[in-house]
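This report examines a single proline and its surroundings, followed by the ligand shell and the overall fold. Please consult the sequence and structure shown here.

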Amino acid sequence: MASLTIRKLDEGIKTYLRLRSARNRRSVEEEVRVILGELIEGREEPLTPFAAPPAASSTPMPQRSGALPEASVTLIIGGGIAAYKSLDLIRRLKERRIEVRCVLTKAAQQFVTPLAVSALSHERVYTDLFDPQSEFDAGHIRLARECDLIVVAPATADLMAKMANGHADDLASAILLATNRKVLLAPAMNPLMWNNAATRRNVTQLQRDGVMLIGPNSGEMAEAGEAGVGRMSEAIEIAAATERLLRPPVPRPLAGKRVLITAGPTHEPIDPVRYIANRSSGKQGFAIAAAAQAAGAEVILVSGPVDLSDPQGVMVKHVESARQMLEQVQAALPADIAIFAAAVADWRVANEGEQKLKKSSAGMPPLQLVENPDILATIAKLTDQRPPLVIGFAAETEHLIDNAKSKLARKGCDWIVANDVSPATGVMGGDRNTVHLISRKNGAENGEITVDSWPVMTKEQVAIELVAHIAKSVTGKSRESAS
Ligand SMILES: Cc1cc2nc3c(=O)[nH]c(=O)nc-3n(C[C@H](O)[C@H](O)[C@H](O)COP(=O)(O)O)c2cc1C
């Protein structure tokens with residue numbers, strides 16, 4: 001079929017084509033072909049490069065969906081006998097949901113074909129620095145930067161020498177010089193090449209430059225009768241190292257800890273249809289539960305009536321009244337950490353009506369109030385099952401710090417998170433919070449009380465900060481070692 005060259009495209013169209021082809025992982029030429037095909041078939045993609053990809057496309061698109069986060073790698077295949085292992089590496093990376101765009105050096109094409117690499121990667125393969133097709137959209141720069149990591153496998157002695165000395169006379173070395181991404185090399189060569197003084201110098205220089213290496217392993221070489229250090233790491237080892245760099249394990253400082261949290265208001269019934277409540281939304285307690293869960297803790301959240309969805313991975317016990325909340329808290333013990341963020345009603349109605357109270361000529365029925373159980377003090381003063389770290393919340397509208405300090409002493413807890421909930425602050429029901437962490441110096445029972453005032457933050461940030469403080473404080477302590 002005849003080829004078509006379009007000159008004098010305006011800058012806007014060029015930018016659109018670049019972005020759209022990058023999004024669809026096609027060359028610009030392929031993208032134009034798809035657009036023309038769709039126009040002729042009468043089904044156009046919306047004219048935005050960031051729109052969702054079409055359901056059916058003439059070029060099969062690698063799927064980036066799934067449980068794991070998206071990741072992409074530019075894989076440079078050098079000209080070594082181990083290049084055949086890179087075909088397996090492509091497969092291993094793709095089964096880990098890592099997208100792979102491959103670059104073959106001229107020498108690599110003596111060992112594996114671009115066709116095989118393209119078939120396995122489901123992508124166009126790049127081989128030439130001076131390819132007008134890909135350089136139209138800054139091909140080598142995109143290959144260097146539109147990825148999360150560059151992997152070189154096999155990394156030949158020659159490629160490493162070029163890298164160490166900053167050469168850029170072919171596509172592979174130009175990408176390696178132009179990248180701002182991490183680079184992982186899987187060297188593969190004859191043991192004499194690996195041990196040669198020049199290679200040793202280059203490896204040292206590359207490591208100083210922050211380049212990472214996997215292998216080489218020791219073993220039999222392709223050359224008959226030769227053995228030693230120089231075999232490329234196995235594809236599965238390189239894929240695992242790639243995954244570790246792309247998806248480093250998330251720190252889980254509260255792994256193995258059981259955290260009990262209360263949140264929200266309580267509803268204290270007056271009769272079957274009426275109750276006494278407060279304005280607590282539960283957002284702060286729920287955010288703490290989510291942050292503790294993300295830090296690896298087993299979390300039990302005892303929540304009063306709120307309008308929030310249960311945080312993922314957290315066991316939630318829904319209650320209404322203070323007495324029900326205490327019951328669930330006691331049932332959830334033992335715990336390593338207990339955080340009482342709920343706004344528990346101090347009083348309940350003593351003479352709760354069994355039927356709906358009626359207006360009568362006798363006037364308003366008297367509402368007798370009695371004190372509710374103090375959940376924080378009850379748990380903080382336990383002798384047998386007291387969690388090693390007990391944290392209370394003090395929501396005050398005046399004399400915030402003084403009231404919070406005396407609450408710390410009165411309730412027997414370890415820390416108080418104090419916040420000003422006067423209507424002007426918008427904290428009750430709002431998304432931001434200004435808190436003060438009140439504790440005793442060095443955790444000593446009768447130590448001096450210290451106040452750590454945090455800047456205004458979202459409730460999620462407060463939660464993350466609090467969990468970080470908790471993680472620092474409880475490392476090494478457990479409910480077993482405390483009892
Ligand atoms: C059969 C054969 C096998 C080779 N195997 C390797 C090897 O494993 N490692 C290496 O560094 N060079 C090896 N070479 C040499 C490279 O192919 C040569 O240095 C080439 O210039 C490397 O180019 P590149 O680094 O651009 O891929 C081999 C050469 C031949 C002919």
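In this predicted model, Pro272 is exposed because 12 other C-beta atoms lie within 10 Å, and a residue counts as exposed at 12 or fewer. Pro272 is placed in the loop that runs between strand 9 (268-269) and strand 10 (275-276).

Despite this exposure, Pro272 has contacts beyond its sequence neighbours. When the residues within four places in sequence are set aside, Pro272 is in contact with Gln355 and Lys356. For the pair Pro272 and Lys356, the C-alpha to C-alpha distance is 6.0 Å, although 84 residues separate the two in sequence.

Contacts between residues distant in sequence are also described for the whole protein. Among contacts that join residues at least 6 apart in sequence, 69% link residues at least 24 apart. The protein has 483 residues, of which 37% count as buried, and its secondary structure consists of 17 helices and 21 strands.

The ligand is surrounded by 16 residues, and the closest are Gly79, Gly80, Thr105, Ala107 and Thr156. Helix 7 (residues 157-165) makes the greatest contribution to this shell, supplying three residues. The composition of the shell by residue class is given in the table.

| Residue class in the ligand shell | Number of residues |
|---|---|
| Nonpolar | 10 residues |
| Polar | five residues |
| Charged | one residue |

The shell around the ligand thus includes 10 nonpolar residues alongside one charged residue.

Definitions and conventions:
Residues numbered from 1 in each chain as written. Predicted model: local features only at pLDDT ≥ 70, side-chain atom pairs only at ≥ 80, totals over all residues. Helix = DSSP H or I, 4+ residues; strand = E, 2+ residues; numbered from the N terminus. Buried ≥ 20, exposed ≤ 12 C-beta atoms within 10 Å, placed from the backbone. Contact = placed C-beta atoms within 7 Å. Near = placed C-beta within 6 Å. Nonpolar A, V, L, I, M, F, W, Y, C, P; charged D, E, K, R; others polar.
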